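Work through the exercises below with the sequence and the model open. Try each task before reading its solution.

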Amino acid sequence: MIGAIAATMATYWRRNLLQLFTLVAGLAIATALWSGVQAINAEARASYDAAAATLGEGLYDQIVPADGGTLSIATFAALRRAGWDVSPVLEGRLDGVRIVGVDPLTAPGALIPLAGGEAGGPAALLTGDDPVFGRADVGQTLGLPGFQVVPDIAPNTALMDIGLAERLLDREGQITRLIVGPEGGPNRAPLADFGGLTLRTASGGSDLSRLTDSFHLNLTAFGLLAFAVGIFIVHGAIGLAFEQRRGMIRTLRAIGAPLRTLLWLTAVELGALALLAGGIGVALGYVIAGALLPDVAATLRGLYGADIGGGLQ
């Protein structure tokens, strides 16, 4: 009996293919927009976390020039002699790639990756002929010898020895900032004694992530609005289907079909349609996210200077 009842209920959709298409397409598009936005946001936040790990943002205190300029080797040496456990970092742009140069002898080991993606140490930069770490697309852009692919490093970023960074950027003897080691230096002199320097304390997270929160909140709101609109379309299609099938349901009840069986089959029918439309929507959302991510990355780079991957990981 259950098979006959199910076949009878399915005849409605065969006679109303346009309504079936509206139902599936509405839910699929709503799911696609929502899941696509979430995929873009997740990829961006993963890039922020990778950048924070690569650049030491939020992990260590940093000393930066108060005027936003650069520091000199003499200042670095003076701070070391004064008891500060600091390590120099030089940053710049080369062919659109963010160059990050660190000192392998003084940098915290967690900032220097191995080719396998794990944290290395000074030996990772001291071995070989000027090794450079970055993602595969960065290696193709720079074309430097000794390049090692590290998938977990920040997008559009190349990490190398500070000496090599000085030569590539033509900024001999310049330092962008100083990373304060985990110990900080037990008996260090007050930073005010050096003048023109500012201590930026570790925030425990990515500054870029907090800076771009409003942008991602707007994306999330857009995805939620699209999902809500799709749900209203689906609600209308389902309501029309139930209204038009009332005669069929009365007939089935009149010939002895149990009400519990009809309710159970209706729930299974709705569940199957939801799974079908949702699966199509998730797949379509991945395609939408992959197509929109390069434009979102360009927007974030232009507004906030944030580098995120151009493809979904």
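## Exercise 1: A nonpolar surface patch

At 46% relative accessibility, Ile 29 counts as partly exposed, because that class lies between buried (under 20% relative accessible area) and exposed (over 50%), with a 1.4 Å probe and protein chains only. Two conventions apply throughout: the model is predicted, local features need pLDDT of at least 70, side-chain atom pairs count only at pLDDT 80 or more, and totals for chains, interfaces and linings use all residues. Residues are numbered from 1 along each chain as its sequence is written, and side-chain values use heavy atoms, with hydrogens and water left out.

**Task.** Find which residues form a nonpolar patch on the surface with Ile 29.

**Solution.**
1. Start with the rule. Patch members have over 30% relative accessible area and no salt bridge; nonpolar side chains (Val, Leu, Ile, Met, Phe, Trp, Tyr) are joined within 5 Å, like charges within 9 Å.
2. Apply it. Ile 29 groups with Leu 284, Tyr 286 and Val 287, and together they have about 390 Å² of accessible area. The areas come from the Shrake-Rupley method with a 1.4 Å probe, and for residues only the protein chains shown count as cover.
3. Assign the elements. Helices (H or I, at least four residues) and strands (E, at least two) are DSSP runs, numbered from the N terminus. Ile 29 is in helix α2 (residues 17-55). Helix α10 (residues 259-304) gives the most to the patch, with three residues. Leu 284 is found in α10 and is partly exposed at 35% relative accessibility.
4. Check the backbone. The C-alpha atoms of Ile 29 and Gly 285 are separated by 8.2 Å, yet these residues are 256 apart along the chain.

## Exercise 2: The surroundings of β4

**Task.** Decide why strand β4 (residues 97-102) is described as largely enclosed, then trace its strand partners.

**Solution.**
1. Count burial. Six of the six residues of β4 are buried, so the strand is largely enclosed by the rest of the structure.
2. Split the two faces. Val 97, Ile 99 and Gly 101 point one way. Arg 98, Val 100 and Val 102 point the other way.
3. Take one partner. Strands pair if DSSP finds at least two bridges between them. Strand β3 (residues 86-94) runs antiparallel to β4, joined by six bridges. Gly 92 has Ile 99 as its bridge partner. The β3 and β4 hairpin has two residues between the strands, and Asp 95 there takes a positive phi near 55°.
4. Take another partner. β4 pairs with strand β7 (residues 157-161) in the parallel sense, over five bridges. Val 102 is partnered by Asp 161, and Val 100 stands opposite Leu 159.
5. Step onward from β7. Four of its five residues are buried. Strand β5 (residues 132-134) joins β7 through three bridges, running antiparallel. Here Phe 133 has Leu 159 as its bridge partner.

## Exercise 3: Salt bridges

**Task.** How many salt bridges does the structure hold? Examine three of them, and classify their residues by burial.

**Solution.**
1. Set the cut-off: a side-chain nitrogen of Lys or Arg within 4 Å of a carboxyl oxygen of Asp or Glu. The structure holds five salt bridges.
2. Look at Glu 91 and Arg 98. Their closest N and O atoms are 2.8 Å apart. Glu 91 is buried at 12% relative accessibility, and Arg 98 is buried at 19%. Both belong to a salt-bridge network with Arg 177.
3. Look at Arg 246 and Glu 243. The closest N and O atoms are 3.4 Å apart. Arg 246 is partly exposed at 47%. Glu 243 is partly exposed, also with 47%.
4. Look at Glu 269 and Arg 245. The closest N and O atoms are 2.7 Å apart. Glu 269 lies in α10 and Arg 245 in the loop between α8 (213-244) and α9 (246-254), so the pair ties together parts that are 24 residues apart in sequence. Both residues are buried.

## Exercise 4: Rings and charges

**Task.** Which rings have the charged end of an Arg over them, and how many aromatic pairs are there?

**Solution.**
1. Use the charge criterion: NZ of Lys or CZ of Arg within 6 Å of the ring centre and within 35 degrees of the ring normal.
2. List the hits. Arg 188 sits over the ring of Trp 84, 4.0 Å from its centre. Arg 245 sits over the ring of Phe 242, at 5.9 Å.
3. Now test ring pairs. Rings of Phe, Tyr and Trp (its six-membered ring) pair if their centres lie within 6.5 Å; planes under 30 degrees apart count as stacked, over 60 as edge-to-face and the rest as tilted. The count is zero aromatic pairs.
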